[in-house]
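Before accepting the labels attached to a model, a careful reader may want to see the rule behind each of them. Please look at the sequence and structure below with that in mind.

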Amino acid sequence: LLNIEDTHTVNYALRKLLKMGLLSNEKRGKEVFYKTSEAGEQLCEAYREVRERCLLDVMNRMDMSGEEMREF
């Protein structure tokens with residue numbers, strides 16, 4: 001799904017996120033499904049707000065086209 005060949009890296013990251021309480025998991029048969037926990041959702045929302053405040057607001061004030069912003 002993520003198009004990452006090194007599945008060990010993904011598994012390591014998932015274990016760390018689970019341990020931090022930012023993800024929850026559910027096993028269905030042989031497969032395990034992951035989703036963000038409430039704490040994970042709150043962290044993502046806080047990051048989005050900081051990103052908008054620090055990056056996007058500043059970039060919107062610059063005289064750049066949408067294409068130039070994407071490249072930047």
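The questions and answers that follow set computed values against the definitions.

Q: What kind of model is this, and how are its residues numbered?
A: This is a predicted model, in which local features need pLDDT of at least 70 and side-chain atom pairs count only at pLDDT 80 or more, while totals for chains, interfaces and linings use all residues. Residues are numbered from 1 along each chain as its sequence is written, and side-chain values use heavy atoms, with hydrogens and water left out.

Q: How do you know that the span of helix H1 agrees with its number of residues?
A: Helices (H or I, at least four residues) and strands (E, at least two) are DSSP runs numbered from the N terminus, and the expected span of a helix is 1.5 Å times one less than its number of residues. Helix H1 (residues 7–19) has 13 residues and should therefore span 18 Å, and its end C-alpha atoms are 18 Å apart, which agrees. Just after H1, glycine 21 takes a positive phi of about 80 degrees.

Q: What does the UniProt record place at residues 2–40?
A: An unreviewed UniProt entry places the feature "domain: HTH marR-type" there; UniProt positions are given in the numbering used here, feature names are shortened, and annotations may be inferred rather than shown by experiment. In the model, the chain over residues 2–40 is 41% helix and 31% strand, with its end C-alpha atoms 19 Å apart.

Q: Why is serine 37 called buried or exposed?
A: Buried means under 20% relative accessible area, exposed means over 50%, and partly exposed lies in between (1.4 Å probe, protein chains only). Serine 37 has 13% relative accessibility, and therefore counts as buried. Serine 37 is found in the loop between strand E2 (31–36) and helix H2 (38–61). Leaving aside its neighbours within four places in sequence, serine 37 is in contact (heavy atoms within 4.5 Å) with Gly21, Leu22, Leu23 and Ser24.

Q: What makes the pair glutamate 26 and arginine 28 a salt bridge?
A: A salt bridge is a side-chain nitrogen of Lys or Arg within 4 Å of a carboxyl oxygen of Asp or Glu, and the closest N and O atoms of glutamate 26 and arginine 28 are 3.1 Å apart, so the pair meets the rule. The two side chains also make a polar contact at 3.1 Å; that term denotes a pair of N or O atoms within 3.5 Å, where within protein one must be able to donate a hydrogen and the other to accept it, and residues adjacent in sequence count only if both atoms are side-chain atoms.

Q: Where does arginine 28 lie, and why does it count as buried, exposed or partly exposed?
A: Arginine 28 is in strand E1 (residues 23–28), and because its relative accessibility is 47%, it counts as partly exposed. Its salt-bridge partner glutamate 26 is likewise partly exposed, with a relative accessible area of 42%.

Q: How many salt bridges does a search of the whole structure find, and which residues join into one network?
A: The search finds three salt bridges. One of them pairs arginine 48 with glutamate 45, the closest N and O atoms being 2.6 Å apart, and both residues lie in helix H2, three residues apart, about one turn of the helix. The side chains of glutamate 52 and arginine 48 meet in another, at 2.8 Å from N to O. Salt bridges that share partners thus join Glu45, Arg48 and Glu52 into one network.

Q: Why can residues three or four places apart in an α-helix point the same way?
A: An α-helix has 3.6 residues a turn, so residues at those spacings point the same way. In this model, glutamate 52 and arginine 48 both lie in helix H2, four residues apart, about one turn of the helix.

Q: How do you know how many disulfides there are?
A: A disulfide is a pair of cysteine sulfur atoms within 2.5 Å, and by this rule the count comes to zero. Cysteine 44 is in no disulfide, as the nearest cysteine sulfur, that of cysteine 54, is 17 Å away.

Q: What makes cysteine 54 count as buried or exposed?
A: Cysteine 54 has 53% relative accessibility and therefore counts as exposed.
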